[in-house]
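Got the viewer open? Load the model and get your selection tool ready, then follow along.

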Amino acid sequence: TVKGFIFDLDGVLTDSAEYHYLAWQELGHKIGIAFDRDFNEQLKGVSRMDSLERILAFGNKSDHYNQAEKEELADEKNEQYKLLINNVSPADLLPGIKEFLDELKAKGMKLALASASKNGPFLLEKLEIADYFETVVDPASLSNGKPDPEIFVKGAQQLGLPLSECIGVEDAQAGIEAINAAPMFSVGIGSADSLGSADYLVPDTSKLSLEAILQAFNAKQ
Ligand code: G6P
Ligand code: MG
């Protein structure tokens, strides 16, 4: 039986994935690397420094900057991102998320956050949903980012639950791969183009239903 849900944050609970995209685009503009939403899919779920490396590689500029300069660029992106999320409020929860979280709590589910973002706890406060979560995995404690399963395995450990009793929820390809590799039952939010390997897929958060997810979970056992 399912006892826990382990959530990604950006693009799942709120649309901060869009703010990450806008902040990276602005930095890209400054250093002469243009990229579109298609390329941005590869940045979702990926840590700040790894995202920068991917952008630099995409623009053939990986060796134009030393480590200190790369850290400055990453800081600059983060300052821009923090400006963009500073006014986030509960009104920015994605459609159906509040209802879904309420339903999970009503059914006694334990919740963990498994976001690669160091801004995760700040956003949970801004969205006024920090109290829903029993535990938050500290991304600074990880040896490997998504698609490595470490963050989801830690989430289950912190909840005190076996992987087989947890469900992971993600909007990123790297995230679904991480959940599947745990192995854990995966719920994808988005299109089959990038999330085709999810155990259960909804096009957007308004379609999340505990009943339907549990049905798919039970069918897989
Ligand atoms: C999440 C987002 C990524 C972001 C990463 C690090 O995984 O999907 O787009 O790069 O977190 O976020 P941070 O706020 O620490 O820069
Ligand atoms: Mg995400």
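In what order do the strands of the open sheet run? Colour by strand and you'll read β3-β2-β1-β4-β5-β6, 6 strands with parallel pairing. The edges are β3 (135-136) and β6 (200-202), each pairing on one side only. Strands here are DSSP runs of E with at least two residues, helices are H or I runs of at least four, and both are numbered from the N terminus; two strands pair if DSSP finds at least two bridges between them.

A quick note on the ground rules: this is a predicted model, where local features need pLDDT of at least 70. Residues are numbered from 1 along each chain as its sequence is written.

Now select β1, residues 4-7. On one flank, 4 bridges tie β1 to the parallel strand β2 (residues 110-113). Click Phe5 and its bridge partner Leu111, then Ile6, which stands opposite Ala112 in β2. Next, show β4 (residues 166-170), which also pairs with β1 in the parallel sense over 4 bridges; Phe7 faces Val169 there.

Turn on the side chains of β1. In a regular strand they alternate between the two faces of the sheet. Gly4 and Ile6 lie on one side, Phe5 and Phe7 on the other, and all are buried (under 20% relative accessible area, with a 1.4 Å probe and protein chains only).

Last stop: helix α4 (residues 67-85), which holds Asp75. Asp75 joins Glu69, Glu71 and Glu72 in a negative surface patch (residues with over 30% relative accessible area and no salt bridge, like charges joined within 9 Å). A salt bridge would put a Lys or Arg side-chain nitrogen within 4 Å of an Asp or Glu carboxyl oxygen. Asp75 has a relative accessible area of 45%.

Methods. Chains lettered and ligands numbered in written order. Predicted model: local features only at pLDDT ≥ 70, side-chain atom pairs only at ≥ 80, totals over all residues. Heavy atoms only, no water. Patch = residues over 30% accessible without salt bridge, like charges linked within 9 Å, V, L, I, M, F, W, Y side chains within 5 Å. Areas by Shrake-Rupley, 256 points an atom, 1.4 Å probe, with all protein chains shown as cover. Lys, Arg positive; Asp, Glu negative; His and termini not counted. Charge placed at Lys NZ, Arg CZ, Asp CG, Glu CD. Buried < 20%, exposed > 50% of the residue type's maximum accessible area, 1.4 Å probe, protein only.
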